[in-house]
Every structure is written in C-alpha cells, then in structure tokens.
Amino acid sequence: MPTKDDAYYQAMLARDYRFDGKFFVGVKTTGVYCRPICPARPKRQNVEFFPHASAAERAGYRPCLRCRPEAAPQSPAGTSTIVQRALRLIAANQLHPSSEDAFAHQFGLSPRHLRRLFNTEIGQTPKQIADNTRLNFARTLVVETALPMTDISLTAGFSSLRRFNAAFKSRFHRPPSDLRRPLKAPHENPGFTLTLSYRPPFDWPALLSFYQSHTIPGLESTTPNSYQRLFHLNSSPGLLRVTPADTHLNLHILTKDPTVLFEVTRRVRRMFDLDSDPVLIANAFAAVPLLDRSIRRHPGLRLARGWDPFETAICTFLGQLVSIPHASALAGQLIHHYGDQIPHPLTGLPTRLFPTPKTLATSDLAHLKTTTARKQTLREFSRRLLAGELSLSEAQDPASFRQSLLTIKGVGPWSAEYISLRALADPDAFPATDLILARALALHPNLNLDQVQPWRAYAAVHLWNQFKKQKRKTATDEKPMHTDKKIKK
C-alpha cells in the first residue's frame, strides 16, 4: 500500500507548489534538505521527509542553496489554537527582544507549559523559532539585495556583526558572504526588491480589486497590476509597491532605514494572506456543496487584511451604514485634517499619515463629516486602546476581543466580526449581519457554517464573491453593504 511518504515523493517529483512549506525533503547523499519544489530529483531510497524545517535541521541536514527553504511560505504548524496564535505573534516579531516569560503570559500560560506545547507540536521552543525566523529573513537579504552585512545583522536583531556571522554560519553551515549572489544592474528607482512566495492558486485580481475599492486616500493607490502604499515605521517614512510574478509577488520597498524591511515584509505577507493553505481550506469546504462549488470555480480567493490594525478598525467604524466610496472619503477627511505631516519619500512633497490613537482620542473631530455618535465611537475606541483597556494583539482570544468591542457604544456585531477578520486576521470571523452574507444565508437556510470551522472567514470571502453580483442587480454601489443591527430572518 502507498504510504504518506510515497505521496510526498510524488508531490516532490511533480514540483507541486501547493505543498510548498508543508513538508521538507532530506537528501541523504548530500546532507541538505529542500522544499518540494526544488529542481533536484533524488531517488526515493535517498530521501526522507520532515513536517518542518526545524525537524530536518535536528536530523543533521543543512538548508539547500538552490531552493532556499527559508523562502517557503509558512506552514500552519501546530494543532492547538494557542500555538497558532503564538506563531502569528512570532511572525510579527513580538518575541524579539522580549523574554519567553512575558511572551507566555500573553496567553495565560507559564513559559514552561508554552515551551512544552511548542516542543510537542513543532519540535522547537518559541525563542528558537523567533531566532530562525530572523536568520531566514537575513539570508533573504543576503541573497536578494546588495545591503551591507552590517545593516543585515542589525535587521536580524544582532548587536554585532561578529555574533551575526557566527549565528549565520551555525544555522546555514557557511558564512553569509558565501551566499551572496551577483545582482543585476540597479534599477532607476532606488530601494529594495524582495520576492514573496505563496502556495497557488492565488487570485491576484480579486485582492487588487478589494484594495482598489477600499483605497485610503493619500496613503494607498493601485494601478491595473500593482498596489502602492505609504508607510511610517521607526520614525522613518517609506513607500512600498507590490506586483505579481509567475509563482510569487515582488515587493519593492523604498526607505532609508533598512531595519524596517522585516516588519514591512511581514505586514505585506499578512495583507495579501500569503501563508494561506488552499488545499487545507478546500478540504474543509468539501463537506458543504455551496462552498465546494465556489472554491472549485474560484480556487485562489484570499483574505485581504489591513496594513495596521488600528487603521483598519477606524476605517471599519467610518464604513458603518454608508457606501464604500463614502467610507473612503471619510478616511480621506480624517487623514487630511488630523494626520501628521511628513515629506513624501519619493517626491519630497508634504503628505499626511493616518491619525494616531492619541490624536483621535483627544480631538473633537469637527472637520469629519459624520454623525456625532460615530465621532464618539472613534474617540472611545482610541481612548480604550491608549488606556490598555482594549488590545489589537493577535495573541488574545478573538471571541473575547469581540465581546470587548461590543461594550463600546456604536459598535455592533458587524463591526466586531469585521474588525476581527480584517485587523486581527481571525480565520473564523464571520460578519453575518453584512447585507450580502445575510442574503446568502437567507437563500440557503441549510448552509451549515459550523462544518467549515475554523475557516468561516474564507467562507465569507467566497459568499461575498458569489452573491455580490446578485446584489448589484437590485441595488447600487452607493448603498451600504452591511449593518450593525441584527437581521430578522
């Protein structure tokens, strides 16, 4: 009978990108481990398979220089909810440079118990994963940029180049200088260009369409084949542009501070849902005919998320009971009147950032053309964030977060679920009072979304995609697409 390893070997021979990052191949004759998409074709008797890169390294294998295992999409490793949430925080660099003790307390656990969970499910401690994540990104910068090694070491979180070189050599079995490749002639536009991998299929037009319709004026812009965004990190302005390629996205970053590259890359991966596992979600949808048909017709739909959780939450409140163009106009007013002014990183002309929680908490928002009640909601939400009464951390339990939001006057079920989906990246959030989703549920009363947990957010995306055209036959885009009131069925 064929074994699981036989299936892995066939996927490796096919170079099936759907399995990229979901397992790794150790080649006994060379001592390296590879991604399943590596061009190498070792014989079956010469390979063994590992669920994680860390398992291959513990077995004595070193990373392949050809396929670069560190560039693979992150695997949804771990089966417990706590481990999943902790992995998202590690990817967001929330463990560095804090201690494992403080990190574990965010989940209400002792450091020892959290390490036990990680060792059982992944085979590494949280700190080991965080260190490897940083070194993996450092290797990407070594291979894909001409950035000086000193700057790369700072980006990787090392206080000295000597310590960085030692850690790099220990991890990859050779010094970073040996991995540096000759780069093409520099482009006219300065900056850094990095490749971001994902597991296909990937519906780039659908994601770009979302960002085009939900553009935040002054901060974001789109072309027929690109997304561009102004950002401000570590007191340094920057500009990013995302474009599609055959099997990855290209991320071009213009900044004078290379230490922000890790954070920018992390946020863009999150925005475009690049670590999603289409096969896993398709398997969950198989038991629900309506969703199964939808994912077969549109297999690459992803969850579009916001650049910044606070910004996403505020834009959600502005979008209550108004059309999408109206909500975008309100966001533009907010930025124009209350955002800090900085020079544009490309043109040098004055431009404005999204307002801070402190600004919104203390302003009367007189220049914002919305209701008094909504202004109060913006102020109260910002005040609670500043006071520590509310958090936008992905470490928290999403259900508890939504309950906390509902205690703010002016926040209803739609806003709470939508913020959980777009800001906290909760894969199980489902804003049922959204008008399109409510219509879909009314037309299909036997649709049991409990069968697809914890992927109901992806079900929402597919239902939005499927039923928005029906909505447009009976209403115009100038009407609100959702409500915070409970819909009577």
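**Close-up views of a predicted model**

**View 1. A sheet of four strands.** In this predicted model, 4 strands form an open sheet whose order is 3-1-2-4 and whose pairing is mixed. The edges of this sheet are strand 3 (47–50) and strand 4 (62–63), each of which pairs on one side only. Strand 4 pairs with strand 2 (residues 32–34) in the parallel sense, over 2 bridges, and within this pairing Val32 stands opposite Arg62 of strand 4.

**View 2. A sheet of five strands and the helices that lie on it.** Here 5 strands make an open sheet in the order 5-9-8-7-6, with antiparallel pairing. Strand 5 (192–197) and strand 6 are its edge strands, each pairing on one side only, and from one strand to the next the twist averages 25 degrees. Inside this sheet, strand 7 (residues 226–233) and strand 8 (residues 236–244) pair in the antiparallel sense over 7 bridges, and Phe231 stands opposite Gly238 in strand 8. Helix 9 lies across strand 6, strand 7, strand 8 and strand 9 (248–255), and runs at about 55 degrees to strand 7. Helix 10 (residues 261–271) also packs on the sheet, where it touches strand 5, strand 7, strand 8 and strand 9, and its direction makes about 140 degrees with that of strand 9.

**View 3. His214 and its surroundings.** The loop between helix 9 (204–213) and strand 6 (220–223) contains His214. Is this residue, His214, buried or exposed? With a relative accessibility of 29%, His214 counts as partly exposed, because that class lies between the limits of under 20% for buried and over 50% for exposed. Apart from neighbours within four places in sequence, His214 is in contact with Glu220, Ile324 and Tyr418. Although His214 and Ser328 are 114 residues apart along the chain, their C-alpha atoms are separated by 6.5 Å.

**View 4. Helix 11 against helix 12.** Two packed helices are described by the angle between their axes and the distance between the axes. For helix 11 (residues 278–285) and helix 12 (residues 289–297), the axes come within 8 Å and cross at roughly 150 degrees. On the side of helix 11, Ile281, Ala282 and Phe285 take part, and they meet Leu291, Asp292 and Ile295 in helix 12. Sorted by class, this contact has 5 nonpolar, no polar and 1 charged residues.

**View 5. Phe285 and the nonpolar cores.** In soluble globular proteins, nonpolar side chains tend to be buried together. In this model the largest nonpolar core has 72 residues, and those with the most contacts inside it are Val264, Phe272 and Phe285. Helix 20 (residues 456–472) provides the largest share of this core, 8 residues. Leaving out residues up to four places away in sequence, Phe285 touches Leu291, Asp292, Ile295, Val452, Trp455, Tyr458, Ala459 and His462. A second, separate core of 34 residues includes Leu254, Leu378, Leu385 and Phe401.

**View 6. The buried face of helix 17.** Which residues of helix 17 (residues 398–405) are buried? They are Pro398, Phe401, Arg402 and Leu405. Seen down the axis of helix 17, these buried residues fall within an arc of 95 degrees, so they line one face of the helix. An α-helix has 3.6 residues a turn, so residues three or four places apart point the same way. Among the elements that cover the buried residues of helix 17 are helix 16 (372–387) and helix 18 (413–422).

Note on methods: Residues numbered from 1 in each chain as written. Predicted model: local features only at pLDDT ≥ 70, side-chain atom pairs only at ≥ 80, totals over all residues. Heavy atoms only, no water. Pairing = 2+ DSSP bridges. Buried < 20%, exposed > 50% of the residue type's maximum accessible area, 1.4 Å probe, protein only. Arc of directions from axis to C-beta. Contact = heavy atoms within 4.5 Å. Core = buried A, V, L, I, M, F, W, Y, C linked by side-chain atoms within 4.5 Å. Axes fitted to C-alpha atoms, helices over the stretch in contact; angles between N-to-C directions. Nonpolar A, V, L, I, M, F, W, Y, C, P; charged D, E, K, R; others polar.
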